[in-house]
Amino acid sequence: AYQARGEKYKKDEFEKRILKALTFYYAALELDSQNVYAAIGIANILAEFNQTGQALDVYKSVNDKLGCYSKLV
């Protein structure tokens, strides 16, 4: 998705790919509710679409459970 991000003519392609990634992240969480990579992926997508409050909630939740700060960088 990020390959198509900066090019205006690929805006539709970017949105299609990012929504597909979101679907995969949710599927991963259904299989393993403790999947940190999927949770952070969802938070990154939320932040991409300016849902920063929700994204920060996910980041904080992961941080509280794991105590790691690298995802915030």
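**Three helices and how they pack**

Helix H1, which covers residues 11-31, packs against H2 at an angle of about 150°, and the axes of these two helices are 9 Å apart. Since angles over 145 degrees count as roughly antiparallel, that angle makes H1 roughly antiparallel to H2. I should say at once that what we are looking at is a predicted model, so please keep that in mind as I go through it.

For anyone new to this kind of description, two packed helices are described by the angle between their axes and by the distance between those axes.

Let me step back to the whole chain for a moment. The chain holds 3 helices and 0 strands, and from the N terminus on its elements run α-α-α. Of the 73 residues in the chain, buried residues make up 22%. If we take the contacts with a separation of 6 or more, residues 24 or more positions apart account for 20% of them.

Now back to the first pair, where H1 passes H2 in a left-handed crossing. Which residues of H1 meet H2? On the H1 side they are Phe14, Ile18, Ala21, Leu22, Tyr25, Tyr26, Ala28 and Leu29, and in H2 they meet Tyr37, Ala38, Ala39, Gly41, Ile42, Ile45 and Glu48. The residues of this contact of H1 with H2 divide into 13 nonpolar, 1 polar and 1 charged.

The second pair is H2, residues 36-48, with H3, residues 52-66, and these pack at an angle of about 160° with their axes 7 Å apart. That makes H2 roughly antiparallel to H3, and H2 passes H3 in a left-handed crossing. From H2, the residues Val36, Ala39, Ile40, Ala43, Asn44, Leu46 and Ala47 take part, and they meet Thr52, Gln54, Ala55, Val58, Tyr59, Val62 and Leu66 in H3. How many of the residues in the contact of H2 with H3 are charged? There are no charged residues in this contact, which divides into 11 nonpolar and 3 polar.

Let me look at individual residues here, beginning with valine 36, which lies in helix H2. Valine 36 is partly exposed, with a relative accessible area of 24%, and, leaving aside residues up to four places away in sequence, valine 36 touches Val62 and Leu66. Measuring from C-alpha to C-alpha, valine 36 and tyrosine 59 are 9.7 Å apart in space, while in sequence they are 23 residues apart.

That brings me to the largest nonpolar core, which has 6 residues, namely Ala39, Ile40, Ala43, Ala55, Tyr59 and Val62. H2 and H3 each supply at least two residues of this core. Apart from that core lies another, of 5 residues, among them Phe14, Ile18, Leu22 and Ile45. As for alanine 55, it touches Ala43, Leu46 and Ala47, again not counting residues up to four places away in sequence.

Finally, where does asparagine 50 lie? Asparagine 50 lies in the loop between H2 and H3, and it is exposed, with a relative accessible area of 66%. Most residues other than glycine have a negative phi. Asparagine 50, however, has a positive phi of about 60° although it is not a glycine, and that is the residue I would like you to find in the structure before we move to discussion.

Technical notes
Residues are numbered from 1 along each chain as its sequence is written. This is a predicted model: local features need pLDDT of at least 70, side-chain atom pairs count only at pLDDT 80 or more; totals for chains, interfaces and linings use all residues. Side-chain values use heavy atoms; hydrogens and water are left out. Axes are lines fitted to C-alpha atoms, for helices over the stretch in contact, and angles run from 0 to 180 degrees between N-to-C directions. Helices (H or I, at least four residues) and strands (E, at least two) are DSSP runs, numbered from the N terminus. Angles under 35 degrees count as roughly parallel, over 145 as roughly antiparallel, 65 to 115 as roughly perpendicular and the rest as oblique. A crossing is left-handed if the near helix is turned anticlockwise from the far one by less than a right angle, and right-handed if clockwise. Contact means heavy atoms within 4.5 Å. Ala, Val, Leu, Ile, Met, Phe, Trp, Tyr, Cys and Pro count as nonpolar, Asp, Glu, Lys and Arg as charged, and the others, Gly among them, as polar. Buried means under 20% relative accessible area, exposed over 50%, partly exposed in between (1.4 Å probe, protein chains only). A nonpolar core is a set of buried Ala, Val, Leu, Ile, Met, Phe, Trp, Tyr and Cys residues joined through side-chain atoms within 4.5 Å.
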